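Colleague: Got a minute to walk me through this model? I'd like to talk pockets and charged pairs.

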Amino acid sequence: MINRRHIRVKVMQSVYAMQQSQNDDMVKEEKFLKHSILKVFDLYVLNIQLLAEVQKLAAKKIALSKKKILATSEDLKPNTKFINNKLISAISESISLESYLALNKLNHWSFDDEYVKIIFDTLQQSDLYKNYLTNEVDSYKLDKAFVIDFYKQIVAPNEKLAEYYEDKMISWVDDIPFVNTWILKTLNKQKEGKTFILGNLYKDKDDEDFVVDLFRKTILKHKSYEQEITDKTPNWETDRIADIDMILIKMAITEFVNFPSIPVRVTINEYIEISKDYSTTKSSYFINGVLDKISKEFLKDKKIAKIGRGLL
């Protein structure tokens with residue numbers, strides 16, 4: 001499922017897009033934001049489906065080899081360990097996966113099956129695959145460990161696959177690392193004999209509402225928050241502050257004021273970490289300093305009202 005940090009990244013990108021385009025159509029951008037997050041789930045599903053498609057391709061190749069006129073003994077009695085992998089077979093038989101693919105018309109691997117071949121060819125050439133086929137142990141534990149390594153070593157780092165996803169949807173570039181982690185968690189959680197069920201996009205309704213609330217409240221109050229930032233950075237002209245830094249600080253202020261269940265320190269830490277990936281090398285120090293000043297002043301003036309452990 002999508003976590004709060006990735007939600008924040010998605011909101012940041014939408015706020016940035018609005019500012020750069022000088023577009024004030026908040027409704028339109030909000031729709032795109034929601035669409036962008038829904039597409040994260042599509043990427044998650046496509047990568048899981050890819051494992052099953054590779055297994056199907058392997059089975060197809062074995063079937064064709066048996067029909068050769070001059071079939072070898074290896075062709076007639078092939079190693080079927082991979083095509084019988086219990087975890088991938090569970091994925092292939094998943095009604096949850098099949099339903100989502102049909103409902104959302106995700107037929108990428110039917111039209112672009114060359115990427116299935118690329119992954120299978122890479123897998124076949126790997127020591128991981130060769131060692132797996134020669135291992136005589138037949139267990140779900142071994143099958144599961146192999147699939148996890150298959151994903152980590154072959155699928156996740158494949159540059160051609162990453163380029164393909166980027167061509168399909170530009171926002172997927174930033175989603176790939178998150179989705180890879182999500183899939184590995186999904187695979188690790190799968191139990192022997194259990195039906196494979198896709199995860200949920202959101203943990204709960206609170207996270208789903210968090211997307212819209214954070215976006216709207218940041219946009220609607222960004223001018224007044226900009227003044228707060230200017231007051232706390234007297235030695236900086238506003239136009240000298242990196243655009244992303246300004247947006248992240250505004251989003252953090254939005255959380256301080258409007259989300260009583262999120263601790264101040266959690267908010268600050270989250271935006272510091274995001275800045276390390278999306279802004280300048282010194283941004284994390286700058287953002288930390290500004291947010292520390294603003295949070296202390298807001299707490300003193302009772303502009304921040306947190307509940308539970310929120311003040312810690």
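**Pocket and salt bridges**

Modeller: Sure. The largest pocket holds about 390 Å³ of space. Keep in mind that this is a predicted model.

Colleague: OK, how many residues line the largest pocket, and which lie nearest its centre?

Modeller: The lining has 17 residues, and Met1, Trp182, Lys185, Thr186 and Lys189 are the ones nearest the centre.

Colleague: Which helix gives the most to that lining?

Modeller: Helix 11, residues 172–189, which contributes 6 residues.

Colleague: And what's the lining like by class?

Modeller: By class, the largest pocket is lined by 6 nonpolar, 7 polar and 4 charged residues.

Colleague: Switching to charges. How many salt bridges are there in the whole structure?

Modeller: A search of the whole structure turns up 17 salt bridges. As background, side chains of opposite charge can pair when their charged atoms come close.

Colleague: Give me one. What does Asp209 pair with?

Modeller: Asp209 makes a salt bridge with Lys205, and their closest N and O atoms are 2.7 Å apart.

Colleague: Where do those two sit relative to each other?

Modeller: Both are in helix 12 (residues 205–232), 4 residues apart, so about one helical turn separates Asp209 from Lys205.

Colleague: Is Lys205 buried or exposed?

Modeller: Lys205 is exposed, with a relative accessible area of 53%. Asp209 is partly exposed, at 29%.

Colleague: What about Lys303, which partner does that one have?

Modeller: Lys303 forms a salt bridge with Glu228, with 3.5 Å between the closest N and O atoms. Lys303 lies in the segment after helix 15 (283–300) and Glu228 is in helix 12, so this pair ties together parts that are 75 residues apart in sequence.

Colleague: And is Glu228 buried or exposed?

Modeller: Glu228 counts as buried, because its relative accessible area is 16% and the cut-off for buried is under 20%. Lys303 is partly exposed, with 39%.

Colleague: Anything in helix 14?

Modeller: Yes, Glu273 and Lys276 meet there through their side chains in a salt bridge, 3.0 Å from N to O. They are 3 residues apart in helix 14 (residues 264–278), so the separation is about one helical turn. Glu273 is partly exposed at 29% relative accessible area, while Lys276 counts as exposed at 51%.

Colleague: Last one: which residues are joined into one network by salt bridges that share partners?

Modeller: That would be Arg5, Arg8, Glu255 and Glu270.

Conventions: Residues numbered from 1 in each chain as written. Predicted model: local features only at pLDDT ≥ 70, side-chain atom pairs only at ≥ 80, totals over all residues. Heavy atoms only, no water. 1 Å grid on protein atoms, 1.4 Å probe; cavity = no way out; pocket = protein on both sides within 12 Å on 5 of 7 lines; lining within 4 Å. Points joined across faces, edges and corners; volume = space filled by probe spheres on them. Nonpolar A, V, L, I, M, F, W, Y, C, P; charged D, E, K, R; others polar. Salt bridge = Lys/Arg side-chain N within 4 Å of Asp/Glu carboxyl O. Buried < 20%, exposed > 50% of the residue type's maximum accessible area, 1.4 Å probe, protein only.
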